[in-house]
There are 2 protein chains.
Amino acid sequence: MGRVQTFDTAEAVRAARAVFWAHGYEDASIPALEAATGLRRSSIYHAFGSKRGLFDAAVGSYLDEVVRPRLRPLTAERVEPDAILDYLRGLRGALERAGSFASENGCLLVNTAGAPIAHDQTVRKTVADYRAELHHAIAVGLRAHLPDLPDDRRDRLADACTGLVVSAFALTRVDNAGALRSLDAALDLIAAAD
Amino acid sequence: MGRVQTFDTAEAVRAARAVFWAHGYEDASIPALEAATGLRRSSIYHAFGSKRGLFDAAVGSYLDEVVRPRLRPLTAERVEPDAILDYLRGLRGALERAGSFASENGCLLVNTAGAPIAHDQTVRKTVADYRAELHHAIAVGLRAHLPDLPDDRRDRLADACTGLVVSAFALTRVDNAGALRSLDAALDLIAAAD
DNA sequence: ATAGTTTTGGAACGATCATTTCAATAAGGT
DNA sequence: ACCTTATTGAAATGATCGTTCCAAAACTAT
């Protein structure tokens, strides 16, 4: 055994994640990634192989540390009846804070969906899987909130809520007020289904 | 008067528009724009000043030739009761055709919303205005379809439909089926409000 | 035809991009 | 303390980026 890695991989990926999140894959330059992670090119290439490798790691970290923790109350063993409302309100709160990272940058994966790198097959699948995961969590949350709603109606309501969450993410950077209206519309739909 | 411009400006802008639409602002290279328009750099820079100038022209052309024609039946003097349904179904039809330009590339402005260039103030406003225009047209269409619906309820329904249209555009490149579900959810909401 | 003006082709610009290379450095394991 | 192996710093690679420049070509107006 020789020298051991001095930096924390997860920490470096988190730092890179923020850069990709804010600037997108193509505009996240190696110098910017160096500055954010505190690593030199050589270390980055040694640890992740390529810019793309680092991006993939960042996406994995985003799913594990950002997306899924937020979704957990909706997918846990026992789901509280108001978990879906808490989720949407929590998201609204995050997007509401003017100048916050979330309100300025939305969702890493939704941004990616419209970016050039989305022509890549693997990336497409990642984003599509993310949408499915989001939809599933929302559907489970709706079942706990509205146990008497027929399955097909609940699934349609989940489609609407999922779409509205996606649109809030897609819009927030450019039209924060519009993004909040999307989330309010989702909360309204759920209230109306009671 | 000297030599007159040999190419058709509107035609060149249309060609450039397709490049920006498919690849995004930052990944639309000058060589690609030259190839698409059939113009040399010098002509492009002479006519539009910069890549950004060409992009702005492309966005204007997109609004005038793509967005507003589609929205016209919703904003005309007389609005047919089913105009809003026709709009959503027409959009669905366009996104449904696998491999079509629309299904592969969504909306130029929604893609732009998540791209790096969206940090530019002017671009932000353009996209926000677009969303407002879309929302207004949808609200007018809903008024013709559901004249008895109270104003506040109609406005909320318009928020939901607008958001779902945006999410369909945001998703289609990466998850076409998910995009269609968003539009179906919008059609469902309108049907349920009858 | 000629003069005057604009467009155009082609080459060159400096800047920045992602990636590679390699020697110097650092830190286990023995 | 030594040897081995991995990490790191720094410089260089070739490619491509958006932009500029200028002389040659093209066309209108007189």
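**Two protein chains and two DNA strands in a predicted model**

Three helices, namely α2 (30–37) and α3 (41–48) of chain A and α3 (41–48) of chain B, each contribute at least two residues to the surface near DNA strand C. The model is a predicted one, and this strand is a convenient place to enter it. Among the three, α3(B) gives the most to that surface, with 4 residues. In total, 20 residues surround DNA strand C, and the closest are A:Tyr45, A:Lys51, B:Thr6, B:Ser42 and B:His46. Of the atoms of DNA strand C that come within 4 Å of the protein, 64% belong to sugar and phosphate. By class, the surface near DNA strand C is made up of 8 polar, 6 nonpolar and 6 charged residues.

Individual polar pairs fill in the picture for this strand. A:Tyr45, already listed with the closest residues, places a polar side-chain atom 2.6 Å from a phosphate oxygen of DNA strand C. For A:Ile30 the backbone takes part: one of its polar backbone atoms is 2.8 Å from a phosphate oxygen of DNA strand C. Chain B is represented by B:Ser43, with a polar side-chain atom 3.5 Å from a phosphate oxygen of DNA strand C.

Attention now turns to DNA strand D. Here 22 residues surround the strand, the closest being A:Thr6, A:Ser42, A:His46, B:Arg41 and B:Lys51. Sugar and phosphate make up 66% of the atoms of DNA strand D that come within 4 Å of the protein. Two of the listed residues reach base atoms. A polar side-chain atom of A:Ser42 lies 2.5 Å from a base nitrogen of DNA strand D, and a polar side-chain atom of B:Arg41 lies 2.5 Å from a base oxygen of DNA strand D. B:Lys51, in turn, has a side-chain N or O atom 2.5 Å from a phosphate oxygen of DNA strand D. Two or more residues of the surface near DNA strand D come from each of α3 of chain A and α2 (30–37) and α3 of chain B. Of these, α3(A) provides the largest share, 4 residues. The class division for this surface is 9 polar, 7 nonpolar and 6 charged residues.

What of the fold that carries these helices? Chain A contains 10 helices and 0 strands, and its pattern along the sequence is α-α-α-α-α-α-α-α-α-α. Along the principal axes, the C-alpha atoms of chain A fill a box of roughly 60 × 40 × 30 Å.

How are the two chains related? A turn of 180° with a shift of 0.0 Å along the axis lays chain B on chain A with an RMSD of 0.0 Å. This is the relation of a two-fold axis. The C-alpha of B:Ser167 is the one in chain B nearest the axis, at 2.3 Å. At the interface, 100% of the interface residues of chain B are also interface residues in chain A, so the copies meet through the same surface.

The contact between the chains involves 38 residues of chain B and 38 residues of chain A. The size of an interface is often expressed as the accessible area lost when the parts come together. Here the area buried between chain B and chain A is about 3,300 Å², and carbon and sulfur atoms give 57% of that area. B:Arg173, B:Val174 and B:Arg181 supply 19% of the area that chain B buries against chain A, more than any other three residues.

Polar and charged pairs also span this interface. The count of residue pairs in polar contact between chain B and chain A is 17, and 10 salt bridges are found across the interface. One of the salt bridges joins B:Arg124 to A:Glu104, with the closest N and O atoms 3.4 Å apart. On the side of chain B that touches chain A, the elements giving two or more residues are α1 (9–23), α6 (101–105), α7 (108–113), α8 (121–145), α9 (151–171) and α10 (176–193) of chain B. Of these helices, α9(B) gives the most, with 10 residues. The residues on this side of chain B divide into 15 nonpolar, 13 charged and 10 polar.

Conventions. Residues numbered from 1 in each chain as written. Chains lettered and ligands numbered in written order. Predicted model: local features only at pLDDT ≥ 70, side-chain atom pairs only at ≥ 80, totals over all residues. Heavy atoms only, no water. Near = heavy atom within 4 Å. Polar contact = N/O pair within 3.5 Å; in protein donor to acceptor, adjacent residues only side chain to side chain. Nonpolar A, V, L, I, M, F, W, Y, C, P; charged D, E, K, R; others polar. Least-squares fit on C-alpha atoms with pLDDT ≥ 70 in both. Contact = heavy atoms within 4.5 Å. Buried area = accessible area lost by both parts, 1.4 Å probe. Salt bridge = Lys/Arg side-chain N within 4 Å of Asp/Glu carboxyl O.
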